[in-house]
Amino acid sequence: MNKNFTLLKVHIRICLFFLALLFFLWGCKKESGQAKQVYDPNKPIEMTRFLPDSGGVGTQMVIEGGNFGTDTSMIKVFVNDKRAPLIGASTSALYVLVPSRANNGLVKVQVGKGDQVQETISKNEFRYLFRPAVSTLVGFTDKDGRTAIVDGPFEKAQFEEPYWMTFDQNKNIYLLEQRRGLRFINMAKREVKTLFRTGKGMDRPRTLSFSPDWNTLYVTNDQWDERGLSTAALTPASGFTEWNSLIYNRTTNGGAAHPQTGDYFYNSYVKGEVFKWNKENNVSELLFRVDDNNWEFNIQFAPSGDFAYIVVVNQHYILKSRYNRQTRKLEAPVHFVGGRGRAGHNDGVGVDARFDQPHQGAFDENDNFYVADIFNHCIRKITPEGVVSTFAGRPRSAGYADGALRDAQFDQPYGIIYDSATGTFYVADLINRRIRTISIE
């Protein structure tokens, strides 16, 4: 019943818009057969209404009123103070397109030049509708589905297994390719290059984390030798192309620096342990065990630094650990969402939700956490209260398709990061060999 009612409202609004558009075109035709009507600066301009009253970017809007004139060089239209492209004008109607990211706000019309400009503002707000969509930023496969490690401009660049990502201070992307190395995606130049390839003890890089001053990029390395490399450090001095051994331990598949203090924490899979590394004396302190042996997990801090999520990949659930600012340590975590050892797909609250190997996540401005759910082939959203929902992708349906959030398809998404300035998520879509975007426009 609600769905049918909603569709009826949509149809009514579409009909109203086209009636207004026909009125506009009829007015233009009528005026073309008469003397051209011009704006009269001695009379006020009027706005009686605009249609439709809501829509997203590119929505075609008709503004009805009077004394607009037909000289488009003298007319400006704004939606919430953002300039709207003017497509046509008659003395009683204006035809415009809603600008990108206008948000909710009043519609304003200005007519005139120089100091002789009149203005009229609507009484009601236009309601801006964001239209999230999934698209492809970079990467492709050939007709047989094959790809390779290829550097160069976005049109030519390719990936093999994009895995984990992070931003630098300029919103360029550093990307780990599973068992292959570190790539750099220059967003300004729209180019991709390889910074290093695996080998020489760095054979399975797992996570990336920048220090708060951006001078150190921590890379965890997963291997079984207690004397082997656990965490490496890269710096701007080498352009992040050469790594230096920092910490030695085994089976490290997660590490993160605190976003304000820079305190660095890492794990060991074999016993489910979490350590804090002391930079001053290069000593690691065992803080706690997460749950059991062979718990594969990573550590991801909220931007506030007040807590971190411990995402247990192979046990399909997420823990929450508070950061104690007095001791500067993570505290023993509590079970937050998902079923311990219970894979599946279910939207719900807390432990009733189900994941199938959650991996990297990203926080938005409100501490909502968006996690790449690998074998559910989708992106899940987790609120601070523990409400889990499906944000993008078709659960349990692997594939490759751009489009509306729930129409789009991923194939084993592993990594995700979020740019709050543009409202854009970037997704490392491993089997599709591409970097995908989720944007609100």
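This briefing walks through two sheets, the empty spaces and one buried aspartate in the structure above. Keep in mind that the model is predicted. One sheet has four strands and the other has five. As for empty space, the largest pocket comes to about 890 Å³, and the count of cavities of 30 Å³ or more is one. Aspartate 263 gets its own section, since it turns up in the lining of the second largest pocket.

**The four-strand sheet**

- Strands E20, E21, E22 and E23 sit in that order in an open sheet, and their pairing is antiparallel.
- At the edges you'll find strand E20 (255-257) and strand E23 (283-289), each of which pairs on one side only.
- From one strand to the next, the twist averages 25°.
- Inside this sheet, strand E21 (residues 264-268) runs antiparallel to strand E22 (residues 273-278), and five bridges link the pair.
- If you want a residue pair to look at, try tyrosine 266, whose bridge partner in E22 is phenylalanine 275.

**The five-strand sheet**

- This one is also an open sheet with antiparallel pairing, and its order reads E29-E33-E32-E31-E30.
- Strand E29 (348-349) and strand E30 (358-363) are the edge strands here, so to speak the two ends of the row, with pairing on one side only.
- E30 pairs with strand E31 (residues 369-373) in the antiparallel sense, over four bridges.
- Across that pairing, alanine 362 stands opposite tyrosine 370 in E31.

**The largest pocket**

- Its volume is about 890 Å³, and 34 residues line the space.
- Nearest the centre of the largest pocket are Thr166, Phe167, Pro259, Phe301 and Pro303.
- Strands E12, E16, E20, E24, E30 and E35 (413-419) each put at least two residues into the lining. E20 is an edge strand of the four-strand sheet, and E30 is an edge strand of the five-strand sheet.
- By class, the lining of the largest pocket has 20 nonpolar, ten polar and four charged residues.

**The second largest pocket**

- Here the volume is about 360 Å³, with 19 lining residues.
- Gly262, Asp263, Trp277, Lys279 and Glu280 lie nearest the centre of the second largest pocket.
- E22 and E23 each supply at least two lining residues, and E22 gives the most, with three.
- The lining of the second largest pocket splits into five nonpolar, six polar and eight charged residues.

**The cavity**

- The largest cavity holds about 40 Å³ of space.
- Its lining is made up of Tyr163, Trp164, Arg206, Thr207, Asn253, Glu296, Phe297, Asn298, Val313 and His359.
- Strand E12 (162-167), strand E16 (205-210) and strand E24 (297-301) each contribute at least two residues to the lining of the largest cavity. E12, E16 and E24 also help line the largest pocket.
- Four nonpolar, four polar and two charged residues make up the lining of the largest cavity.

**Aspartate 263**

- You'll find aspartate 263 in the loop between E20 and E21.
- Aspartate 263 counts as buried because its relative accessibility is 9%, and the cut-off for buried is under 20%.
- Its side chain makes a polar contact of 3.0 Å with the side chain of threonine 261.
- A second side-chain polar contact, at 2.9 Å, joins aspartate 263 to arginine 328.

How values were computed
Residues numbered from 1 in each chain as written. Predicted model: local features only at pLDDT ≥ 70, side-chain atom pairs only at ≥ 80, totals over all residues. Heavy atoms only, no water. Pairing = 2+ DSSP bridges. Axes fitted to C-alpha atoms, helices over the stretch in contact; angles between N-to-C directions. 1 Å grid on protein atoms, 1.4 Å probe; cavity = no way out; pocket = protein on both sides within 12 Å on 5 of 7 lines; lining within 4 Å. Points joined across faces, edges and corners; volume = space filled by probe spheres on them. Nonpolar A, V, L, I, M, F, W, Y, C, P; charged D, E, K, R; others polar. Buried < 20%, exposed > 50% of the residue type's maximum accessible area, 1.4 Å probe, protein only. Polar contact = N/O pair within 3.5 Å; in protein donor to acceptor, adjacent residues only side chain to side chain.
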